[in-house]
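Work through the exercises below with the sequence and the 3D view at hand. Each task is followed by a solution in steps.

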Amino acid sequence: MEAFAHRLIRWQRAHGRHDLPWQGGDAYRVWLSEIMLQQTQVATVIPYFRRFISSFPDVATLASASVDDVLAHWSGLGYYARGRNLHKAAQLIMQQHAGQFPQSMQLIETLPGVGRSTAAAVAALAFHQQHAILDGNVKRVLARWKGIAGWPGEKQVEEKLWQLAESLLPEQAGGKQHIAIYTQALMDLGATVCTRGKPSCDRCPVNADCIAKAEQRTAQLPTPRPKKIIPEKHATFLLLLHGSDILLQKRPEQGIWGGLWCPPQLDDGQGVVEDYLALHGWQVAERSELPEFSHAFTHFKLHLTPVVLRVQEKPGRMEQAESMWLDVGEALLAGIPTPVRKMLQQLGGEILI
DNA sequence: AAGCCGGGGAT
DNA sequence: ATCCCAGGCTT
């Protein structure tokens, strides 16, 4: 039987994806795409990638930008530590690598936000170096093909998958560079053929010796993550308005939405709105509420109530958190999380009334 | 090893 | 409603 890698490479040439916006790009673009694609699907990433490259076409431009500007481009993509780490890494490349992208997997992996799989992907795709990746697609393809049971989040299962991934790398024959197309093939196969729901085994180049297919276990492999009960929390967002301006505060780097701009937030059990207003000496001329809505995170669900508060004067001094008043239209261009975007868009309609 | 960190596509 | 996606970092 023809080697696993060879079958994937031939399949990739005929049936793989060849028009993704980062394909054929330099190491910077490959790196950026890999970071954006962490836990994020291709269709979601594409418009973000285009806007990002348009504003920050190279490492030097990214490094000299403000982290606020970077996070504004990341707004809505989630996992904002990725954006902060990306910016830090760009500055590190300028200072410690003289602006040249590091060219070995070992060096690439030292960049903040880059782990083993991402470093291997950049090394293989951009520099044609012989390294194995192990992302969600590859875990699914390999777990099925080799019939590996157990949740890949378990250390032992993941180690088995890494070993298998290493063992399946294409031979380096005659100096030919197959590793990039092979790496792309694994990801494309997982994304378009060996899908989670109903895999198209008929179109798979390695169906002849796939354990899961032979034993009709594709629906059981890979073993799903154990279920967890997600706690629910409640919070109030204070939409302080002065004319068409709204007050936003910068969130601390650690914690949810780190480094992003949000209205003041009152969590469950942190007192009532009246006390908060009195504490800051704000005179509210008008108060109303927008409809409550909920926002789901990986590890909890947040029910939030937006309270619109029109103030007479902008307070001169705020508390510890860095804050600013922005026109609602301008605020939509800042680094804000998705629920804040939703509230501001509702507000846009309210203000005109 | 387990928890933290977003948002959305697919079903 | 549920699962999980081109994962990495912190504890």
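**Exercise 1: Charges and rings**

Find the ring that lies under the charged end of Lys233, then look for the cluster that this ring belongs to.

Solution. The model is a predicted one. Step one: the charged end of Lys233 sits over the ring of Phe300, 4.3 Å from its centre. Step two: Phe300 is linked by ring pairs with Phe237, Trp257 and Phe297 into a cluster. Step three: the structure holds 10 aromatic pairs.

Then find the residue that lies over the face of Trp162.

Solution. Arg116 takes this position, at 3.6 Å from the ring centre.

**Exercise 2: The surface near DNA strand C**

Describe the residues around DNA strand C, by distance and by class.

Solution. Step one: 26 residues lie around the strand, and Thr118, Asp135, Asn137, Arg196 and Lys227 come nearest. On the DNA side, sugar and phosphate make up 69% of the strand C atoms that come within 4 Å of the protein. Step two: sorted by class, this surface has 10 polar, 8 charged and 8 nonpolar residues.

**Exercise 3: Polar contacts with the strand**

Which parts of DNA strand C do Glu34, Leu37 and Thr118 contact?

Solution. Step one: an N or O atom in the side chain of Glu34 is 2.9 Å from a base nitrogen of DNA strand C. Step two: for Leu37, a polar backbone atom is 3.3 Å from a phosphate oxygen of the strand. Step three: a side-chain N or O atom of Thr118 is 2.6 Å from a phosphate oxygen. Step four: helix 8 (116–127), helix 9 (136–146) and helix 11 (179–192) are the elements that give two or more residues to the surface near DNA strand C.

Technical notes: Residues are numbered from 1 along each chain as its sequence is written. Chains are lettered from A and ligands numbered from 1 in the order in which they are written. This is a predicted model: local features need pLDDT of at least 70, side-chain atom pairs count only at pLDDT 80 or more; totals for chains, interfaces and linings use all residues. Side-chain values use heavy atoms; hydrogens and water are left out. Rings of Phe, Tyr and Trp (its six-membered ring) pair if their centres lie within 6.5 Å; planes under 30 degrees apart count as stacked, over 60 as edge-to-face and the rest as tilted. A charge sits over a ring if NZ of Lys or CZ of Arg is within 6 Å of the ring centre and within 35 degrees of the ring normal. A residue is near a molecule or strand if one of its heavy atoms lies within 4 Å of it. A polar contact is a pair of N or O atoms within 3.5 Å; within protein, one must be able to donate a hydrogen and the other to accept it, and residues adjacent in sequence count only if both atoms are side-chain atoms. Helices (H or I, at least four residues) and strands (E, at least two) are DSSP runs, numbered from the N terminus. Ala, Val, Leu, Ile, Met, Phe, Trp, Tyr, Cys and Pro count as nonpolar, Asp, Glu, Lys and Arg as charged, and the others, Gly among them, as polar.
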